Each structure stands twice: as structure tokens, then as C-alpha cells.
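Here are some notes for a colleague who is opening this structure and wants a careful first reading. They are set out as numbered points, each on one topic.

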Amino acid sequence: MQQPPLRTLVFGLNYPPETTGISPYTGAMAGGLARRGHEVRAITAHPHYPDWKITSGYGQWSRSEQIDGVSVSRLRHFVPSQPSPLPRALSEVTFGIRQILARWGRPAAIVAVSPALLSSALVRLRSRLTHRSTPFVVWVQDLYGIGISETGQGGGLAARVIQKVEGWLLRSASTVVVIHDRFAERVHDDFAVPRERIAVVRNWTHLPPLPPVDVPTVRAARGWADDEVVVVHTGNMGVKQGLQHVVDAGRLAHDRGAHVRFVLVGNGSQRDELQQRADAQPTTTQFLPPLGDRDFTDILQAADVLLVNELPGVAEMAVPSKLTSYFAAGRPVLAATDSTGITAQEVRAADAGLVVSAGDPSALLDGVSALMADRAAADRLGQNGKRYRETVLDETFAIDRFDSLLADLIATAAEKHPA
């Protein structure tokens with residue numbers, strides 16, 4: 001029997017050149033599938049995250065380009081300057097409407113990346129009407145309903161509506177791909193998705209092997225003293241990161257005379273508020289803008305400690321994508337998070353760092369001191385994370401798994417619905 005064509009249509013809100021969050025994974029997966037023989041098209045938005053501002057040079061009503069062997073169709077949609085729940089929902093709905101009105105062609109498989117949940121649900125509605133026999137995969141990067149609940153960004157009615165939409169979307173999918181075993185448990189338990197329709201494909205580090213870095217030179221260029229302990233947090237500065245507690249830890253370090261500098265790298269909806277908080281009283285917190293790949297990897301390797309910080313109560317909604325890059329850098333990780341949550345579980349599984357309570361600036365500062373009390377032990381934790389990245393979080397294995405899953409779905413659909 002002739003192999004059916006591997007035409008894969010990917011829907012996702014975020015795509016390269018965005019460098020933060022889900023975008024690097026969606027782009028790498030699409031490009032990896034193209035290299036494995038898929039004819040891949042991605043229907044996505046103009047780059048705007050985490051600044052919530054469309055990148056210069058983009059913003060046309062529609063735009064087509066080729067990235068890493070993938071045909072990328074970009075659609076203009078409403079981008080709120082302040083992504084509070086209602087404007088963000090409107091943003092997703094306008095994007096979803098643009099997606100369902102676009103030309104889809106004849107894909108052999110459809111992959112919808114969630115978030116964005118609402119646009120993915122609209123895409124699923126259209127697929128039920130026009131592509132009923134086409135396998136539909138939902139790739140879950142964050143659990144939306146849990147996120148609203150854990151961050152306190154939605155009321156009871158909004159949370160119930162989101163849960164209903166999320167449940168319908170996941171149950172209607174041919175396969176639900178999740179990025180962690182804990183997600184698989186929640187998708188099965190909370191939404192009654194059969195286990196045989198849930199696949200786990202772990203995220204990976206999207207950074208190439210890191211080149212050697214001249215640590216003293218990098219530190220001097222950033223104004224970091226030799227006797228300072230530098231704690232770096234990278235990525236989105238949003239609500240769920242709870243970075244106000246890091247600014248407060250920097251204030252506590254200043255008051256105690258501790259030589260600990262907290263460095264927040266990136267952008268996001270809370271950055272201005274965090275900067276104002278830091279300016280209000282003396283703090284050892286430093287802000288840096290999003291960095292290019294080389295500067296980013298240099299910063300990671302020049303840090304003494306790499307920080308994951310989460311709002312108290314955030315436990316199940318997401319696996320922080322920054323962890324994969326942290327592990328690649330070979331530096332010890334400090335996770336200020338729920339001790340029973342996914343982030344804590346991941347750091348412990350890798351034996352790559354220390355977990356302290358979320359929302360407690362004193363515990364955060366004490367955690368830094370505990371890691372730095374034994375530098376040799378801290379180095380071992382960093383190397384443990386590196387090994388975990390090279391084995392469990394391998395990009396080739398993840399894309400091969402996705403490729404195999406899609407090929408099986410396409411072949412099965414071709415048998416059921418021969419042309």
C-alpha cells in the first residue's frame with residue numbers, strides 16, 4: 001500500500017522568531033518534522049510575545065514566509081498591550097477567527113498547540129465541519145483551566161466556562177500530546193480522556209550545545225563583582241512567575257548586606273510594575289532585556305545560581321520551559337515553588353538543585369546561601385542537570401516520537417477513509 005502523504009498543518013499562536021515560552025518548541029517541532037519528510041505548514045500570529053507588541057517589520061494583515069523548511073502563514077489579530085484575562089481572551093478569539101477563515105488545503109494531520117485554548121477550540125470546530133476524517137492532535141503545553149485557578153485570574157463562571165471548553169477540546173481530539181506525566185494524569189482524571197489517546201512527549205532544550213564562556217569577562221561586562229553571588233531568572237515576567245518576591249528578596253539582601261544579586265532577564269506584562277517596585281527602595285535586583293542566543297547562553301553559564309520562581313499556589317499548570325535551558329547550562333537550580341508541584345518534581349528528578357517555598361523572600365535568600373555554602377556540591381547539581389538534559393530531555397527523541405505518532409495517525413486515517 002502506498003504511504004499517504006505526510007502533510008501536517010500546525011496551528012499555534014506563538015512561533016519563531018519569538019525566543020521565549022512555547023514558540024521555540026513549536027518552531028523546532030515543525031522544522032524537525034519537515035526534515036523527516038513531512039510537508040509542514042504553520043498558521044500562526046505575528047511575533048509579539050512576551051512584549052505584547054508586534055515586532056518591528058511584522059504586522060501585515062497576512063504574511064507568508066519560509067522558516068526551517070516550514071511554510072509559515074502569519075495572520076494579524078488583536079494584541080492587547082496589557083494581557084489581563086478579558087483582553088487576552090479577545091486576542092485568542094480574534095486569532096481563532098482568522099485561523100478558521102484561512103485556507104487550510106488538504107492536510108493529512110492537524111496539530112493545534114494549546115495555549116491558545118480558545119483559538120484551538122475554534123480550529124477544532126471548523127475541522128469537525130470541513131476536515132472530519134483528518135486526525136486532530138492537541139499539543140498541550142499548559143493546562144489552561146488549572147492556570148486560571150492557580151493564578152487567581154478568573155472568577156468562578158469564567159473558570160467553569162474555560163474548563164468546559166478545555167474538556168471538550170481534549171476529549172474531541174484524536175490524540176492529546178502532553179509534555180509531562182503529571183499532565184497526562186490530570187488530562188485523564190479531570191477531563192476523562194482515555195489513557196490510550198494521551199501521549200507524553202517531553203520538551204527539550206532549544207539551545208545548541210553551549211560554547212565555552214569566559215566567565216570573568218561576562219561578569220565584568222554586566223557589572224557583577226567577583227565576590228557577588230549572581231542569581232539569574234530568565235523568560236517571561238508575568239503573573240504566574242510571582243517575581244515581586246524576587247525583588248523583595250533583593251531588598252532583603254541589601255538590608256542584610258548579603259552579596260547576592262538577583263538578575264531578571266526578559267520582558268512581560270509585569271515588568272514595569274516590577275521595575276517600579278525595585279525603584280521604590282534599595283534592592284540588589286537588576287533587570288536585563290531579552291538577549292540574543294549567545295548573550296543568553298553566556299549569562300546562564302556565568303551565573304552562580306539559576307532561578308525558577310512561581311507564584312504561591314502554582315503547582316500543576318505548566319512545566320517551566322526555562323528549566324531545559326538551565327539544565328543545559330550546567331548550573332545549580334533554585335526553585336521557589338510549591339513543594340508538591342511539577343516544577344519541584346522535575347528539579348528533584350534531575351537532582352539538579354534545591355526547592356524552597358514560593359512567595360517567601362527570606363526562604364529564597366536562604367536557599368541561595370545553602371547552595372553556595374558548598375560550591376563543589378553546587379557544581380555537582382549543575383552537572384546532574386546537564387546529564388538529565390542529554391538523556392531525558394533529548395530533542396531528537398522528542399521529534400522522532402512526534403513524527404511516529406503522526407505517521408501512525410495518518411496511516412490509520414488513510415485505511416479508514418481511502419481516497
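1. A helix here is a DSSP run of H or I with at least four residues, numbered from the N terminus, and the model in which these runs were assigned is a predicted one. In that sense Glu273 belongs to helix α9, which covers residues 271-280. Glu273 is exposed, because its relative accessible area is 52% and the cut-off for exposed is over 50%. Although 29 residues separate Glu273 from Gln244 in sequence, their C-alpha atoms are 8.7 Å apart in space.

2. Helix α9 also takes part in a salt bridge, in which Arg277 pairs with Asp248 and the closest N and O atoms are 3.0 Å apart. This pair links distant parts of the chain, since Asp248 sits in helix α8 and Arg277 in helix α9, 29 residues apart. Asp248 is buried at a relative accessible area of 17%, whereas Arg277 is partly exposed at 34%.

3. The count of salt bridges in the model comes to 15. In general, side chains of opposite charge can pair when their charged atoms come close. One such pair is made by the side chains of Asp142 and Lys240, with an N to O distance of 3.4 Å. Asp142 lies in the loop between β6 (136-140) and α4 (144-151), and Lys240 in the loop between β9 and α8 (244-256), so this salt bridge ties together parts that are 98 residues apart in sequence. Asp142 is buried, with a relative accessible area of 16%, while Lys240, at 24%, counts as partly exposed.

4. Where does the salt bridge partner of Asp304 lie? The side chains of Asp304 and Arg375 meet at 3.0 Å, N to O; the pair links distant parts of the chain, with Asp304 in the loop between α10 (293-302) and β12 and Arg375 in helix α14 (residues 375-391), 71 residues apart. Asp304 is buried at 8% relative accessible area, and Arg375 is partly exposed at 42%. Elsewhere, Arg63, Glu65 and Arg74 are linked in a network of salt bridges.

5. Strand β12, which spans residues 305-309, is mostly covered, with 5 of its 5 residues buried. Val305, Leu307 and Asn309 point one way from the strand and Leu306 and Val308 point the other way, yet all of them are buried. Strand β12 runs parallel to β9 (residues 229-234), to which it is joined by 2 bridges, and Val305 is the bridge partner of Val231. It also runs parallel to β13 (residues 333-336), with 4 bridges joining the two, and there Leu307 has Leu334 as its bridge partner.

6. Is Ser172, in helix α5 (residues 156-172), buried or exposed? Ser172 is buried, with a relative accessible area of 15%, and its side chain reaches the backbone oxygen of Leu169 at 2.9 Å. When neighbours within four places in sequence are left aside, Ser172 is in contact with Arg124, Arg128 and Arg197.

7. A last point concerns the surface, where Val93, Ile97 and Leu101 make a nonpolar patch of about 270 Å². Leu101 lies in helix α2, which covers residues 85-101, and at 69% relative accessibility Leu101 counts as exposed.

Methods:
Residues numbered from 1 in each chain as written. Predicted model: local features only at pLDDT ≥ 70, side-chain atom pairs only at ≥ 80, totals over all residues. Heavy atoms only, no water. Buried < 20%, exposed > 50% of the residue type's maximum accessible area, 1.4 Å probe, protein only. Patch = residues over 30% accessible without salt bridge, like charges linked within 9 Å, V, L, I, M, F, W, Y side chains within 5 Å. Areas by Shrake-Rupley, 256 points an atom, 1.4 Å probe, with all protein chains shown as cover. Salt bridge = Lys/Arg side-chain N within 4 Å of Asp/Glu carboxyl O. Polar contact = N/O pair within 3.5 Å; in protein donor to acceptor, adjacent residues only side chain to side chain. Contact = heavy atoms within 4.5 Å. Pairing = 2+ DSSP bridges.
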